[in-house]
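Visitor: Please pick one part of this structure and go through it closely. I would like to see how the pieces next to it fit in as well.

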Amino acid sequence: MKINFDVDKNEVLRYSGQKDGKATPQIEKLAESYAEKIKENISPRHIAARFNLSQMKDGVMLSNGILLKGNDIKKHLSDCDECYIICATVGIQADSFIRSSLAMGSIYGLMADAAATAAVESYCDSVENELRQQLKKEKLYLTWRYSPGYGDFPFTQQPEILSMLKADRLVGVTCNDSCIMTPSKSVTAVMGIAKNKPAARDRTCDTCPNKDNCNFSCRQR
Amino acid sequence: MKILDYIKDNLLFLDGAMGTVLQNSGVNPGKYPEAMNITHPDVVYGVHDAYFAAGSKLVLTNTFGASAHKMAGCEYTPRQVITAGVEIARKAAKKYDGYVALDIGPLGQLLEPMGSLTFEQAYEDFAMQVKAGVAAGADLVFIETMTDLYEVKAAVLAVKENCDLPVFTTMSFEQNMHTFAGTSLSSMAITLDSLGVDALGINCSLGPVEMLPMAKELKKWTDKPLIIKPNAGLPCLVNDKTVYNITNEEFTSAMGEIMALGVNIVGGCCGTNPDMLCHFFNVAKTKQKTDICARQPVSAVCSSGKTVVIDGVKVIGERINPTGKALFKKALETGDLDHIARQAVEQMNAGAHILDINVGHLGIDEKEMMVKVVKKVQSVCNLPLQIDSSNADVIRAGLRVCNGKAIVNSVNGEDEKLAAILPIVKKYGAAVLGLTLDENGIPEKAESRVKIAEKILSAAMAQGIRKEDVFIDCLTLASSAQPQGAMETLKAVKTVSNELGLKTTLGVSNISFGMPNRPLLNSAFMIMAMYNGLNMPIINPNDEMMMDAVFAYNQLSCEDAGGADYISRFAGRVQTAKQSDTGYTVEILIAMGLATETKQAVKKLLETVPALEIVQKHLIPALDAVGKDYEKGKIFLPQLMQSAEAAKMGFEAINRHIAATGNADYEKKGPVVIATVKGDVHDIGKNIVKTVMENYGYEVIDLGKDVPSQAIVDKAVATGAKLVGLSALMTTTVKAMEETIVLLKQSGCNVPVMVGGAVLTEEFSSRIGADFYAKDAQAAVEIARKVIG
């Protein structure tokens with residue numbers, strides 16, 4: 001499936017640590033140029049696999065026998081009989097681009113990194129929307145992306161997820177012993193497939209699964 | 001018959017998937033399919049036997065994942081499963097008079113710079129596999145399903161240096177004609193062809209239909225025998241099963257088209273089986289082997305992802321060289337690779353096509369430095385490299401770790417030089433640059449220089465180096481000293497280019513030595529030289545006037561027909577006035593984050609104010625002011641960093657001044673050792689801390705990312721560090737941080753430790769035994785002030 005997506009300058013600013021709209025014109029320009037440059041330095045790819053699931057005591061069991069652990073993932077999939085598991089990446093070129101930008105100075109490394117994050121997130125949004133549109137034809141709904149490390153869904157399940165998706169072979173994503181993925185701008189996520197429209201996602205900071213570790217503008221600490 | 005003799009006259013039929021067939025055998029291969037060589041030899045034998053029966057002439061041993069990393073945790077060692085694997089295949093081959101290839105797959109760990117595995121370690125791992133396979137009696141080594149050209153190079157060297165067996169190599173490409181790691185088809189073909197593999201090609205990832213255009217592309221770049229070993233179509237994930245959906249007929253027909261191109265070594269990969277291959281071989285065996293050579297002699301060099309064909313004019317950037325550069329020399333002395341990395345990226349951004357690397361400097365270990373610098377430059381830029389040294393050992397070391405096909409700078413007409421360096425050039429598959437001088441010096445007359453060029457060419461070809469890989473430098477002499485020199489050089493360039501048919505290079509700027517208005521002479525001479533056949537000027541690509549001249553030349557000579565490159569270079573270029581005094585103070589310029597202007601302003605101040613005073617009264621207070629605004633939330637990280645970069649440029653002006661005048665350096669405080677801990681690969685935050693701390697005059701020793709605890713402790717002890725800074729971003733890597741702290745305390749080295757990173761908090765930091773928690777770079781500076789002063 002062909003996925004179109006763009007990289008928003010404001011997202012680049014947000015990921016770079018600009019916590020309000022008052023960036024100087026130079027910073028704005030820098031963010032704008034990196035939002036453009038990153039597009040020439042990515043090769044986005046993804047896999048999406050659909051699984052049946054059943055609720056268990058300590059998590060959610062996929063039809064391939066793998067247990068996604070934790071109460072939060074249970075809650076996320078509470079109304080679902082199936083789910084999509086995706087792995088998306090903007091590719092190793094993005095990492096090379098970040099390294100060469102960083103060589104020119106920390107500010108450029110920071111901006112390139114923020115732009116690559118904005119790119120992979122935007123790409124994931126588009127993948128998610130595409131899947132949602134497809135499910136509409138089956139009169140099914142999709143929840144949102146829930147990733148290892150959110151809430152009590154263990155980050156350490158990353159290797160299992162990559163392996164069940166054959167991510168190494170199909171999209172070139174691997175992870176090290178600390179569960180950190182390469183290419184670094186890669187995402188794995190679980191999305192529930194529901195028969196009923198899920199309640200609108202409550203996107204406030206208080207309900208955000210990452211509220212304790214957030215560095216972004218939504219949460220002034 | 002030896003396999004290489006066999007393929008001279010015959011098509012070679014390979015086997016198909018091992019994993020797919022093992023899975024269907026009814027035995028679950030589990031985590032270590034290679035262990036089946038010991039636990040279920042009969043099943044593995046059955047797979048080989050089925051392929052031979054289907055018509056395969058060569059099978060790959062069941063040793064794809066038999067590397068130390070992938071077998072970790074298995075009760076059998078890689079050596080054991082390799083020995084068993086080769087023996088089983090041998091047994092099957094005997095019955096059919098077939099061949100056995102030791103199968104080598106990726107190590108399962110990413111190599112530097114993508115991962116942490118060093119090139120040298122990768123080589124050792126492969127060498128172990130090769131030795132085991134050779135001892136067990138393999139006929140050849142088959143390196144396959146690779147995505148990183150660097151890893152392939154390590155494997156090929158491991159084969160060539162540890163046995164006499166032939167080596168076949170294939171990599172896996174995606175539909176964008178690149179591997180996941182970014183290797184292009186041309187780069188693979190050029191690099192492996194010059195490294196001297198016996199056959200090369202593509203396997204896995206795609207089906208035969210998708211591989212057809214790739215086989216065509218490969219044909220352009222190599223005349224080695226080609227291998228095509230596709231999957232049974234494009235893989236598709238249905239639930240957790242990988243499904244392939246090509247029919248036997250479709251496979252056979254698509255492979256027929258590929259073979260018509262002159263591809264003579266064929267088989268299958270994932271999803272294929274003996275039945276499919278039998279169908280294919282029954283059709284294929286009725287065909288004759290066709291030798292079609294599509295490769296035109298072409299001069300080309302490459303990195304892993306970028307191929308540079310030497311047609312028209314290609315610029316070799318000369319900036320990575322200490323000659324006449326005080327700051328560069330200092331960077332070599334202190335091992336400041338970041339300074340060198342910036343030189344590389346600057347030149348790449350300025351449009352250089354190839355980068356020369358020269359690190360010869362008194363008092364440093366040139367060989368060790370060459371290896372470090374080549375690796376560093378490769379990690380930040382994708383241009384092909386030119387290894388520049390007069391020392392054969394340095395050249396060898398540089399070529400070895402170079403990813404792609406490099407140029408060696410240089411040999412000359414001296415017999416001794418030729419004998420020492422050309423074999424290295426050949427072994428590592430490089431191109432070579434020959435200087436037209438010999439034991440008698442530089443001949444005055446063009447004719448004599450051409451003679452030396454001829455000598456170099458024939459010596460190179462005698463070593464098996466292709467003619468198109470020999471480049472000649474006819475040598476530029478200062479026109480102030482040798483008024484006739486320029487014309488003689490040009491004459492020599494013309495003859496070497498037209499009559500010998502070789503590509504040429506010239507270090508241009510020597511022409512103007514001792515003359516006024518050097519840029520004018522340089523560009524005039526370069527244009528004359530290009531017209532006479534100069535292909536690769538060695539210049540400073542940051543010099544806009546020189547690069548402009550190259551673009552103009554390419555446009556006029558129709559190399560850039562239609563002028564697209566020329567137009568895009570100049571469209572929208574605004575003639576900016578020469579950098580002048582903005583009238584702002586250094587403090588304001590730093591607050592505004594204007595780097596170039598800050599540098600200019602500091603330079604101006606240096607005319608009247610002592611360096612130390614500028615640091616203490618202007619730069620540091622400016623940084624403090626910005627830091628306060630950041631703490632108060634008036635500005636945010638991007639602006640803080642932009643100011644830090646501006647200040648850094650100011651410090652660079654100061655350092656250059658100090659290095660040039662020989663005045664006493666201002667005292668550095670520290671040292672502070674910083675690192676991102678083992679397992680963690682995030683280094684932006686750590687680099688930000690480094691930039692800011694260095695601005696405040698701290699000597700920061702940056703160990704990089706994914707650094708083992710012991711390495712951090714060792715460095716802290718060895719340098720007598722006053723402070724250690726550790727960074728970790730994930731919950732999974734905070735453990736390594738804690739371990740490092742424990743190890744530091746145990747070592748008896750009482751150095752205070754500060755920690756930082758996304759998942760850390762003040763409370764968490766003290767729980768893991770850290771002395772300080774640095775929430776950001778500014779906080780790190782405050783801690784350093786407290787601890788060190």
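Guide: What follows starts from one strand and then moves on to its surroundings.

This is a predicted model, in which local features need pLDDT of at least 70 and side-chain atom pairs count only at pLDDT 80 or more, while totals for chains, interfaces and linings use all residues. Residues are numbered from 1 along each chain as its sequence is written, and chains are lettered from A and ligands numbered from 1 in the order in which they are written.

The part chosen is strand 21 of chain B, residues 669-676. Helices and strands here are DSSP runs numbered from the N terminus, with at least four residues (H or I) for a helix and at least two (E) for a strand. Six of the eight residues of strand 21 of chain B are buried, so the rest of the structure largely encloses this strand. A residue is called buried if 20 or more other C-beta atoms lie within 10 Å of its own, exposed if 12 or fewer do, and partly exposed in between, with C-beta atoms placed from the backbone.

One peptide bond deserves attention. G670(B) and P671(B) are joined by a cis peptide bond with omega about 5°, and P671(B) belongs to strand 21 of chain B. Most peptide bonds are trans.

Next come the neighbours in the sheet. Two strands count as paired if DSSP finds at least two bridges between them. Strand 21 of chain B runs parallel to strand 22 (residues 698-702) of chain B, and four bridges join them. One of the pairs is K669(B) with Y698(B) in strand 22 of chain B. Strand 21 of chain B also pairs with strand 23 (residues 723-727) of chain B, again in the parallel sense, over five bridges. There, T676(B) has S727(B) in strand 23 of chain B as its bridge partner.

The chain passes through a helix between strands 21 and 22 of chain B. Together with helix 26 (residues 684-695) of chain B, these strands make a right-handed β-α-β unit. A crossover is right-handed if, with the strands pointing away from the viewer, the path from the first strand over the helix to the second runs clockwise.

Residue I684(B), within the range of helix 26 of chain B, leads to the other chain. L102(A) touches I684(B) and N687(B), as well as Y108(A) and G109(A), not counting residues up to four places away in sequence. Contact means that the C-beta atoms of two residues, placed from the backbone, lie within 7 Å. L102(A) sits in helix 4 (residues 92-104) of chain A. This residue counts as buried because 25 C-beta neighbours lie inside 10 Å. L102(A) and E82(A) are 20 residues apart in sequence, and their C-alpha atoms are 42 Å apart in space.

Back in chain B, the pairing continues beyond strand 23. Strand 23 of chain B runs parallel to strand 24 (residues 753-756) of chain B, and four bridges join them. V724(B) has V753(B) in strand 24 of chain B as its bridge partner. From strand 23 of chain B the chain crosses through helix 28 (residues 731-746) of chain B to strand 24 of chain B, in a right-handed β-α-β crossover.

Strand 24 of chain B is covered on both faces: V753(B) and V755(B) are buried on one side, and M754(B) and G756(B) are buried on the other. This strand pairs in the parallel sense with strand 25 (residues 772-773) of chain B over two bridges. M754(B) is matched there with F772(B) in strand 25 of chain B. The path from strand 24 of chain B goes through helix 29 (residues 762-767) of chain B to strand 25 of chain B, and this β-α-β crossover is right-handed too.

A second cis bond and a different sheet can be set beside this region. The peptide bond from E112(B) to P113(B) is cis, with omega near -5°, and P113(B) lies in the loop between strand 3 (99-104) and helix 6 (119-136) of chain B. Strand 3 of chain B takes part in an open sheet of eight strands, with parallel pairing and the order 1-10-7-6-5-4-3-2. Strand 1 (12-13) and strand 2 (58-60) of chain B stand at its edges with a single partner strand each, so one side of each has no neighbour in the sheet.
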